[in-house]
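Got the structure open in your viewer? Let's walk through it together, one selection at a time.

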Amino acid sequence: MTARRLAELGCKPALAAHVRLRFDKARDCWTLQAPERSFMLDETAHAIIVRCDGAADLEAIIEDLRAAFGDPARETVERDVLALVQDLVDKGVIGL
């Protein structure tokens with residue numbers, strides 16, 4: 001049994017090697033493409049995913065998102081970022 005990886009503020013998330021961020025023209029939205037799976041992204045999810053480059057930690061991503069979206073409450077942004085990243089880590093789409 002493998003230990004579950006948890007998204008924490010100091011981790012530096014990045015897309016897994018087998019996952020690609022693509023714009024789907026037919027659906028007019030951004031998607032994550034993985035072998036035999038596709039994830040459609042809304043505007044918020046896309047804003048988070050493009051910042052998951054393996055260089056920035058979640059703390060920096062949260063602050064960058066707050067600046068980009070007019071300084072919403074930190075707790076709200078942190079909760080949303082951690083939830084999305086953890087969900088995609090659990091699905092093997094993002095590595096920490």
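Begin with the largest nonpolar core, which has 25 residues. Select Leu32, Val81 and Val85, the residues with the most contacts inside this core. Next, colour the elements that give two or more residues to the core: the strands β3 (29-34) and β4 (37-41), and the helices α1 (43-49), α2 (58-68) and α3 (74-90). Which of these provides the largest share of the core? That is α3, with six residues. In soluble globular proteins, nonpolar side chains tend to be buried together. Keep in mind as you look around that this is a predicted model.

Now centre the view on Leu32. Leaving aside neighbours within four places in sequence, what is Leu32 in contact with? Show Leu15, Val19, Arg20 and Leu21, then Arg37, Ser38, Phe39 and Leu41, and finally Ile49, Leu88 and Val93.

The helix pair comes next, so display α2 and α3 alone. Their axes come within 10 Å and cross at roughly 125°. An angle between 115 and 145 degrees is neither roughly perpendicular nor roughly antiparallel, so α2 counts as oblique to α3. The crossing of the two helices is right-handed. To see where they meet, show the side chains on both: Leu58, Glu59, Ile62, Glu63, Leu65 and Arg66 belong to α2, while Arg74, Val77, Glu78, Val81, Leu82 and Val85 belong to α3. You have already met two of these, since Val81 and Val85 are among the residues with the most contacts inside the core.

Stay with these helices and move to the loop between α2 and α3, where you will find Asp71. Phi of Asp71 is near 60°, a positive value in a residue other than glycine. Is Asp71 buried or exposed? At 51% relative accessibility, Asp71 counts as exposed, because the cut-off is over 50%.

For another positive phi, go to the loop between β3 and β4 and select Glu36. Here too phi is near 60° in a residue other than glycine. Glu36 is exposed, with a relative accessible area of 86%.

The last stop is the one aromatic pair in the structure. Select Phe23 and Trp30: their rings sit edge-to-face, 5.4 Å centre to centre, with 70° between the planes. Both partners are partly exposed, Phe23 at 37% relative accessibility and Trp30 at 32%.

Conventions:
Residues are numbered from 1 along each chain as its sequence is written. This is a predicted model: local features need pLDDT of at least 70, side-chain atom pairs count only at pLDDT 80 or more; totals for chains, interfaces and linings use all residues. Side-chain values use heavy atoms; hydrogens and water are left out. Rings of Phe, Tyr and Trp (its six-membered ring) pair if their centres lie within 6.5 Å; planes under 30 degrees apart count as stacked, over 60 as edge-to-face and the rest as tilted. Buried means under 20% relative accessible area, exposed over 50%, partly exposed in between (1.4 Å probe, protein chains only). A nonpolar core is a set of buried Ala, Val, Leu, Ile, Met, Phe, Trp, Tyr and Cys residues joined through side-chain atoms within 4.5 Å. Helices (H or I, at least four residues) and strands (E, at least two) are DSSP runs, numbered from the N terminus. Contact means heavy atoms within 4.5 Å. Axes are lines fitted to C-alpha atoms, for helices over the stretch in contact, and angles run from 0 to 180 degrees between N-to-C directions. Angles under 35 degrees count as roughly parallel, over 145 as roughly antiparallel, 65 to 115 as roughly perpendicular and the rest as oblique. A crossing is left-handed if the near helix is turned anticlockwise from the far one by less than a right angle, and right-handed if clockwise.
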